[in-house]
Amino acid sequence: MDTALRSARPRAVLTSEHEAFRAQFRRFVEREIVPHHRDWERAGCVPREVWRKAGEQGFLCPTLPEEYGGAGADFGFSAVVVEELARVNASGVAFQLHSDIVVPYVLAYATEERKRAWLPRMAFGEMIGAIAMTEPGMGSDLKAVRATARRDGDHYTINGSKTFISNGQNAGLVIVVCKTDPEAGRKGVSLIAVEEGTPGFTRGRNLEKIGLHAQDTSELFFEDVRVPVANLIGEENGGFRHLMHQLPQERLIIAIRAATNMEAMLEETIAYTKSRPVFGQTVFDFQVHRFKLAEAKAEIGMFRVYLDDCLARHMQGELSGEEAAAAKLLGTEMQNKWLDAFLQMHGGYGYMAEYAIGRAWTDARVGRIYGGSSEVMKEIIARTL
Ligand SMILES: Cc1cc2nc3c(=O)[nH]c(=O)nc-3n(C[C@H](O)[C@H](O)[C@H](O)COP(=O)(O)OP(=O)(O)OC[C@H]3O[C@@H](n4cnc5c(N)ncnc54)[C@H](O)[C@@H]3O)c2cc1C
């Protein structure tokens, strides 16, 4: 990362290989993503072609073992992808959801035959992944999921509807969270994969949001969808446990995105305030703003150190659910606080969509809600007190 926030010290958690990969991926982002992102925001979706290009060039699924088409690299490479997309606020490009949230479920819990069928296509961007937990009547309380999967010989029949599903329009494979034992609460939850084109599986609207305009977020409907039992991801009725095991990585990713995005927006704001004349000086010359920026630099810099420690421990397999919740809570709350202050320093231009800060501000709001809301993060932390 090349922000003025960084001291001369390199980040201990990342090696020169990570930084070389960053340089490559940055070139891809500057060439294939940045010039088009505004058009995708208007279209409400990122074209599948971009996913294929990223896959061909090895930017999807960095941690996936080579035998399934990945690079077999460590999670530091995934972090670099998240950081580079956050740096330019390419908020519609949900590579991380695919590579580091959906693919890990398939890798950890699917049958060998399904892994061989799906994972190479996912690594090459030919099959985009989504995970469907949330329903119209249920979000935070995962055990209250209403969608059902009834076993019928060697098939499941799935019924239910989901909402707010990222990659919903583009997804070729959806991991559906449903009840295989509706009376058993969290012990009746299972994860079952549904491929696009399966009869009875339909997509609803691409939902209109206040931010993340380039990201397709959709309703999904399942009406008597029959899938082979082999599509079960993990143990029948073991889905809640699998979710609890994987969710910390999702939360860490959201925290990494928040940290890098607020660093980039601080840079933008320093440059803007230094260039904007007002009352015969620049905005930056007013102590009230300069001090705010100094405070932001100190606080955001402190968060980076904490987050890199979380990242290092995650790479060692030592990050707890509570620590990931703390990173997400702190990162997203801090991002919202600072982006709001930075927008204010841009005056009316901050409210214009053509300025990065305005778009980043609306995009950041969801960080406090999805992947488990800030209140749910506090519950997770509070349980350990
Ligand atoms: C843009 C976007 C993308 C998303 N992508 C996905 C996706 O890909 N897959 C998916 O499954 N879901 C996705 N979601 C859904 C998201 O995870 C949920 O919106 C989120 O978990 C909150 O659930 P809810 O909206 O039902 O809110 P509710 O659960 O109804 O919560 C309402 C309020 O109650 C608070 N609350 C809940 N529980 C507690 C508690 N125990 N203590 C105190 N307060 C509490 C919440 O914090 C919130 O403020 C996405 C959402 C958005 C907006």
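**Exercise 1. Helix α10**

Which residues are buried in α10? Work on the predicted model.

*Solution.*
Step 1. Locate the helix: α10 spans residues 356-364.
Step 2. Apply the cut-off: buried means under 20% relative accessible area.
Step 3. List the residues that pass. They are A356, I357, G358, R359, A360, D363 and A364.
Step 4. Judge the helix as a whole. Seven of its nine residues are buried, and α10 is mostly covered.
Step 5. Find the packing partners. The buried residues of α10 pack against α2 (37-43), α7 and α9 (321-345).

**Exercise 2. The ligand shell**

Describe the surroundings of the ligand, starting with the shell and ending with the covered area.

*Solution.*
Step 1. Collect the shell. There are 20 residues around the ligand, and M133, T134, S140, S373 and E375 come nearest.
Step 2. Sort the shell by character. Eleven residues are nonpolar, six are polar and three are charged.
Step 3. Map the shell onto secondary structure. β1 (129-132), β3 (155-166) and α11 (374-382) each supply at least two of its residues.
Step 4. Look for polar contacts through the backbone. A backbone N or O atom of I131 lies 2.9 Å from a ligand nitrogen. A polar backbone atom of M133 is 2.8 Å from a ligand oxygen.
Step 5. Turn to the side chains. E375 places a polar side-chain atom 2.6 Å from an oxygen atom of the ligand.
Step 6. Assess the cover. On its own the ligand has 970 Å² of accessible area, and the protein covers 64% of that.

**Exercise 3. The nonpolar cores**

Identify the residues with the most contacts in the largest nonpolar core, then look for a separate core.

*Solution.*
Step 1. Recall the background. In soluble globular proteins, nonpolar side chains tend to be buried together.
Step 2. Take the largest core, which has 88 residues. I33, L85, F95, Y105, I131, L243 and F342 touch the most other members.
Step 3. Ask which helix contributes the largest share. Helix α7 (residues 239-275) does, with eleven residues.
Step 4. Zoom in on I33. Leaving aside residues up to four places away in sequence, I33 touches F28, W40, V50, L85, A90, V93 and F95.
Step 5. Add the second core. This separate set has 20 residues, among them A132, A149, Y156 and L232.

**Exercise 4. A loop residue under cover**

Is V46 buried or exposed? Place V46 in the chain and name its contacts.

*Solution.*
Step 1. Place the residue. V46 sits in the loop between α2 and α3 (48-56).
Step 2. Classify V46. V46 counts as buried because its relative accessibility is 3%.
Step 3. List the contacts. Residues up to four places away in sequence are not counted; V46 then touches W40, W51, G92, V93, N170 and A214.
Step 4. Check a pair far apart in sequence. V46 and N167 are 121 residues apart along the chain, yet 9.2 Å separates their C-alpha atoms.

**Exercise 5. Positive phi outside glycine**

Examine C61 and N237: give the phi, the loop and the accessibility of each.

*Solution.*
Step 1. Read the angles. C61 has a positive phi of about 50° and is not a glycine. N237, also not a glycine, has a positive phi of about 70°.
Step 2. Place both residues. C61 lies in the loop between α3 and α4 (75-87). N237 lies in the loop between β7 (217-228) and α7.
Step 3. Classify C61. Its relative accessible area is 1%, so C61 is buried.
Step 4. Classify N237. Its relative accessible area is 27%, so N237 is partly exposed.

How values were computed: Residues are numbered from 1 along each chain as its sequence is written. This is a predicted model: local features need pLDDT of at least 70, side-chain atom pairs count only at pLDDT 80 or more; totals for chains, interfaces and linings use all residues. Side-chain values use heavy atoms; hydrogens and water are left out. A residue is near a molecule or strand if one of its heavy atoms lies within 4 Å of it. A polar contact is a pair of N or O atoms within 3.5 Å; within protein, one must be able to donate a hydrogen and the other to accept it, and residues adjacent in sequence count only if both atoms are side-chain atoms. Accessible areas come from the Shrake-Rupley method with a 1.4 Å probe; for residues, only the protein chains shown count as cover. Helices (H or I, at least four residues) and strands (E, at least two) are DSSP runs, numbered from the N terminus. Ala, Val, Leu, Ile, Met, Phe, Trp, Tyr, Cys and Pro count as nonpolar, Asp, Glu, Lys and Arg as charged, and the others, Gly among them, as polar. A nonpolar core is a set of buried Ala, Val, Leu, Ile, Met, Phe, Trp, Tyr and Cys residues joined through side-chain atoms within 4.5 Å. Buried means under 20% relative accessible area, exposed over 50%, partly exposed in between (1.4 Å probe, protein chains only). Contact means heavy atoms within 4.5 Å.
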